[in-house]
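Please go through the structure below with an eye on strand pairing, helix packing, backbone outliers and side-chain contacts. A short report follows.

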Amino acid sequence: MHLKQGVQRISFVVFFLFGLLLSGCGGASGPEDAVREMRSLYQNAESVSGAADITADYGQRVYTYTAAVEGTVSAGTLTVQSPENIAGTVIQWAEDATSLSYEETTLETGALSESGLSPADAIPAVLASCRAGALVECAWEEDGGVLYAALENPEDESVTVSCWFDAENYVLQRTELAEDGTTVLTLVFSDFGITLAAQE
């Protein structure tokens, strides 16, 4: 499932530098070239924002919810918007630690798990993989309108992050995170935006 382009946005702090970069995005000679261009964009990302429909598959149980995403490469939040019974729950990530807050009560959850992924791991893993993950495979999809790239999580080789990007601006549309070959987290993004770090 791919999102309609009309609900996506990308805001740039620096126009000139990435105007030159992005002018060749749609015309990259091959998907490998496009992945290099995408990586340059995310390496210069200062923050990201948007919403994500998240599916967490724990085998016998599957959870689905929608959350607002606000963050940087190293810290940020997922604020649950639906379902109603957990709306307002906030998951925060920062420097390999997470916390869960609900109705002004905070539960510290400690270091990120090395044995499995949680929804709190998803955004940091996706951003780290877009910036520095080894390329597993890539291809053009939907007649060249979508760039698909499977990337190795640089912080955990057992995790593969499969991403679908808009081919014009490399805005994330969808990601699937698989651990040891089994997909455990799926995120479908809407209104996703990137702010770039200012360059001197």
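In this predicted model, strand S2 (residues 62–71) pairs with S3 in the antiparallel sense. Six bridges make up that pairing. A hairpin of three residues takes the chain from S2 to S3. Gly71 has Gly76, in S3, as its bridge partner.

S3 also pairs with S4, again in the antiparallel sense, over five bridges. Here Thr77 is matched with Gln92 of S4. S3 spans 75–82 and S4 spans 90–94. The loop between S3 and S4 contains Pro83. The peptide bond leading into Pro83 from Ser82 is cis, its omega being near 10°. Most peptide bonds are trans.

**Helix packing**

Helix H2 packs on helix H3 (residues 119–132). The angle between H2 and H3 is about 125°, and their axes are 7 Å apart. Why is H2 called oblique to H3? An angle of about 125° is neither over 145 degrees nor within 65 to 115 degrees, so it falls in the oblique class. The crossing of H2 and H3 is left-handed.

**Positive phi values**

Most residues other than glycine have a negative phi. Asp143 has a positive phi, near 55°. Tyr170 has a positive phi as well, of about 65°. Asp143 sits in the loop between strand S7 (135–141) and strand S8 (146–152). Tyr170 sits in the loop between strand S9 (159–166) and strand S10 (172–179).

Is each loop residue buried or exposed? Asp143 is exposed, because its relative accessible area of 86% is over the 50% limit. Tyr170 is buried, because its relative accessibility of 0% is under the 20% limit.

**Salt bridges**

How many salt bridges does a search of the whole structure find? The search finds two salt bridges. The table lists them with the distance between the closest N and O atoms.

| Acidic residue | Basic residue | Closest N and O atoms |
|---|---|---|
| Asp33 | Arg36 | 2.2 Å |
| Glu176 | Arg174 | 2.6 Å |

Asp33 and Arg36 both belong to helix H2 (residues 31–43). They are three residues apart, about one turn of the helix. Asp33 is partly exposed, at 24% relative accessibility. That value of 24% lies between the 20% and 50% limits, which is why Asp33 is neither buried nor exposed. Arg174 and Glu176, by contrast, are both buried.

**Cysteines**

How many disulfides does the structure hold? The number is zero. The sulfur of Cys163 has its closest cysteine sulfur in Cys130, 4.2 Å away. A disulfide needs the two sulfur atoms within 2.5 Å, so the distance of 4.2 Å is too far for a bond.

Cys163 is buried, with a relative accessible area of 0%. Cys138 is buried too, with a relative accessible area of 18%. The value for Cys138 is under 20%, so this residue still counts as buried.

Terms used: Residues numbered from 1 in each chain as written. Predicted model: local features only at pLDDT ≥ 70, side-chain atom pairs only at ≥ 80, totals over all residues. Heavy atoms only, no water. Helix = DSSP H or I, 4+ residues; strand = E, 2+ residues; numbered from the N terminus. Buried < 20%, exposed > 50% of the residue type's maximum accessible area, 1.4 Å probe, protein only. Salt bridge = Lys/Arg side-chain N within 4 Å of Asp/Glu carboxyl O. Pairing = 2+ DSSP bridges. Axes fitted to C-alpha atoms, helices over the stretch in contact; angles between N-to-C directions. Left-handed = near helix turned anticlockwise from the far one by under 90°.
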